[in-house]
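I set out to record what I looked up in this structure, entry by entry. The aim is a plain account of selected residues, ring pairs and cores.

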Amino acid sequence: MTVPRRNLGLSDRKGGMAADTILKASTIITMDEARPRARALAFDSGTGRITAIGSVGEVQAATPGVPVTDLGDTVLMPGFVEPHSHPLLSGMATQEPAYWVSPNVGIATWADVKAIFTKADKERPAGDVLVFNGVDRLLQQAPLPTRTVLDQLFPTRPVVVIDNSGHGIYFNTATITLMGWTDGHAPADPVGGSFGRESDGVTSNGTAFESGALMMVAGAVLPKAIPHPLHSGALFYKLMADNGITATSEHTYNSGQFQAYAALASVPGCPLRLHVYHMSIEADAAADVTFPDSELVRKVGIKLWADGSPWLGNVAISFEYLDNPTTRTAQIEMGPRGETQMNYTRAQLDAVLDELVPAGYQMAFHCNGDVGFDVVLDAYARALSKHNLLGSDHRWRVEHLGAARRDQFERAAALGVTCSLSPFQYIYWGDLLDGVMFDSEYGSQWQRVRDAFEAGVRPSYHNDGSVTPPNQLLNVQQTVTRRTMAGNVHGANQAVTLDDALKAITINGAYQLKRDHEIGSLAVGKYADLVELSADIYTVPADQIVDKVRVLGTWVGGGKIDLDSYIAAVKAVDPTEHHDLTNQAAVRKCC
Ligand SMILES: [Zn+2]
């Protein structure tokens, strides 16, 4: 069949609604409550917009003379939306030439990680610098991969190993030599970071923590290890598209990424609409940013951080971690957390919001702990009131919310605040959360997805870039069954309906990106952003969705995505224009 290419230009988008393509599927799950099911849709490949949707007869009557492309058994849905990710940095950290060694891609133990180390050492030329990402002290019960540990595995070849949390980087003696650290001494600790040292107090032990120190190591090593960072980013775009995603976000944007995201959008056949959230710590966080094709990449918000990561113990929660060998191996500090884990005092938060809010962008707060959520909601309530935004369509967001309570979701909903949840926390860590990390009272309820829906915060789901692989169908399956990867159920009261789970990965995500008038459901006037599925999700057992429903392909703006062509075209882009990007991998703040 011949499918017209999506027109990337802007000039003709205001034209009429003359369809030139009709797609017929075995069924179409529209996610449009006015018409939940259809069999056919017509679109204009010039505007990329849907002009008719309904039965085959209705669509043909509305668009006479337009040929019908029959997709056979294929089921169509709106392309999935993942409204919180970090695709460019994730690509550099997880895609070739880097190695993804996270437990969340099936590397279960430290022994498995070491097997990949050995394989990589054998298959790569001797001079190559190797990057491994995703060692997890909790799930893999890995030792701290210090210089001593890594030297035994890599006596001569420079390697860096990035912690699954993104907060630590580990390296061997060859890397220290490569960086030119005199006598192997670690540099002085930078602001916002620290280097690990041997007992002599000066010699590097091959560890660095938090962005200031991470950046010094990654900035020196990654340009040598990742020669074409734009290609790495495109590979993460491909991974997302392979999983049915057609719209996502960059939640750690700074202006150093402008060229790269503009370039990824400008290559014909770009599979994702990208929405950037500018990091609040950047001097130009509130500045307007204009990308050449705003339909494919645009700035929508500003990202702030309230607290840290549950896997590192730096979340603002009201309850305590359990003290046992598992939490000790992961070096989680014991004792209550509360507001001591907040990145800002309440007064600082108020000042930051007062500075940023007048620019008119949506706010989005990283927050995992219940104490943190209270502080964020207090600060939001004050800022919304002060800036006359209460009752407006502001859609301020809060991200992750592992320990959030129902009453907090209710308060958020009353303020017009919407929440993007991290079911992956429960899916991958749930067996530890419930009873090993926390008392069951809290651990079984981690990620109160059902409470969030019932409170009315229009939750979406995300996998958060390289923290876990982008797989919205898995998120649907596991939130409907409330099962972990091992198949265990914790907190069955938080299971949701399939209807709600599908909203989370389509229309609710589009709402949070302020694109629900254009994407997230299939209706006349919206973009023909589609995912082709092998089966109707409603007809397969809930615990077999990922086995029975395969993603066959995606469409963006009425153009069928050809990922091989896209990757080849990105690879042909001169990498020297983008080599600065490798520095970006080091400035990633926690998820
Ligand atoms: Zn994130």
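The entries below follow the order in which I consulted the model, which is a predicted one.

**Entry 1. A histidine and its surroundings**

I began with H275 and located it in strand β14, which spans residues 273–279. Is H275 buried or exposed? Its relative accessibility is 0%, so I entered H275 as buried, the cut-off for that class being under 20%.

I then looked for polar partners of H275. Its side chain reaches the backbone oxygen of T248 at 2.8 Å. A polar contact of 2.9 Å also joins the side chain of H275 to that of R515. Leaving aside residues up to four places away in sequence, I listed A247, T248, S249, E250, R298, V300, L513 and R515 as the residues that H275 touches. T248 and R515 therefore appear in my notes both as polar partners and in the contact list of H275.

**Entry 2. A proline in a loop**

I next looked up P541, which is found in the loop between β20 (530–533) and α19 (545–548). With 38% relative accessibility, P541 counts as partly exposed, because that class lies between the limits of 20% and 50%. I also checked P541 against L349, 192 residues apart along the chain, and noted a C-alpha separation of 46 Å.

**Entry 3. Aromatic pairs**

How many aromatic pairs does the structure hold? I recorded 23 of them. For F132 and F154, the ring centres are 5.9 Å apart and the planes stand at 35 degrees, so I noted the pair as tilted. This pair links distant parts of the chain: F132 belongs to strand β8 (residues 130–135), while F154 is in the loop between α4 (147–153) and β9 (159–163), 22 residues apart. Both F132 and F154 are buried.

I turned next to W311 and W429, an aromatic pair that is stacked, with 4.0 Å from centre to centre and 10 degrees between the planes. Here too distant parts of the chain are linked: W311 is in the loop between β15 (297–305) and α9 (325–329), and W429 is in helix α13 (residues 423–433), 118 residues apart. W311 and W429 are both buried.

Returning to F132 and F154, I noted that ring pairs link them with Y99, W110 and F117 into a cluster.

**Entry 4. Charges over rings**

I looked up two cases of a charged residue over a ring. K299 lies over the face of Y361, 4.5 Å from the ring centre. R482 lies over the face of Y426, at 3.8 Å from the ring centre.

**Entry 5. A covered helix**

I examined helix α2 (residues 87–94) and found it mostly covered, with eight of its eight residues buried. The buried residues of α2 are P87, L88, L89, S90, G91, M92, A93 and T94.

**Entry 6. Nonpolar cores**

Which residues touch the most other members of the largest nonpolar core? In this core of 120 residues, I recorded V217, F373, Y380 and F409. Helix α11 (residues 370–386) gives the most to this core, contributing 10 residues. Around V217, I listed contacts with V160, I169, F171, M179, W181, F195 and A208, again not counting residues up to four places away in sequence. Apart from the largest core lies another, of 21 residues, and L138, V315, F319 and I332 are among them.

Definitions and conventions: Residues are numbered from 1 along each chain as its sequence is written. This is a predicted model: local features need pLDDT of at least 70, side-chain atom pairs count only at pLDDT 80 or more; totals for chains, interfaces and linings use all residues. Side-chain values use heavy atoms; hydrogens and water are left out. Helices (H or I, at least four residues) and strands (E, at least two) are DSSP runs, numbered from the N terminus. Buried means under 20% relative accessible area, exposed over 50%, partly exposed in between (1.4 Å probe, protein chains only). A polar contact is a pair of N or O atoms within 3.5 Å; within protein, one must be able to donate a hydrogen and the other to accept it, and residues adjacent in sequence count only if both atoms are side-chain atoms. Contact means heavy atoms within 4.5 Å. Rings of Phe, Tyr and Trp (its six-membered ring) pair if their centres lie within 6.5 Å; planes under 30 degrees apart count as stacked, over 60 as edge-to-face and the rest as tilted. A charge sits over a ring if NZ of Lys or CZ of Arg is within 6 Å of the ring centre and within 35 degrees of the ring normal. A nonpolar core is a set of buried Ala, Val, Leu, Ile, Met, Phe, Trp, Tyr and Cys residues joined through side-chain atoms within 4.5 Å.
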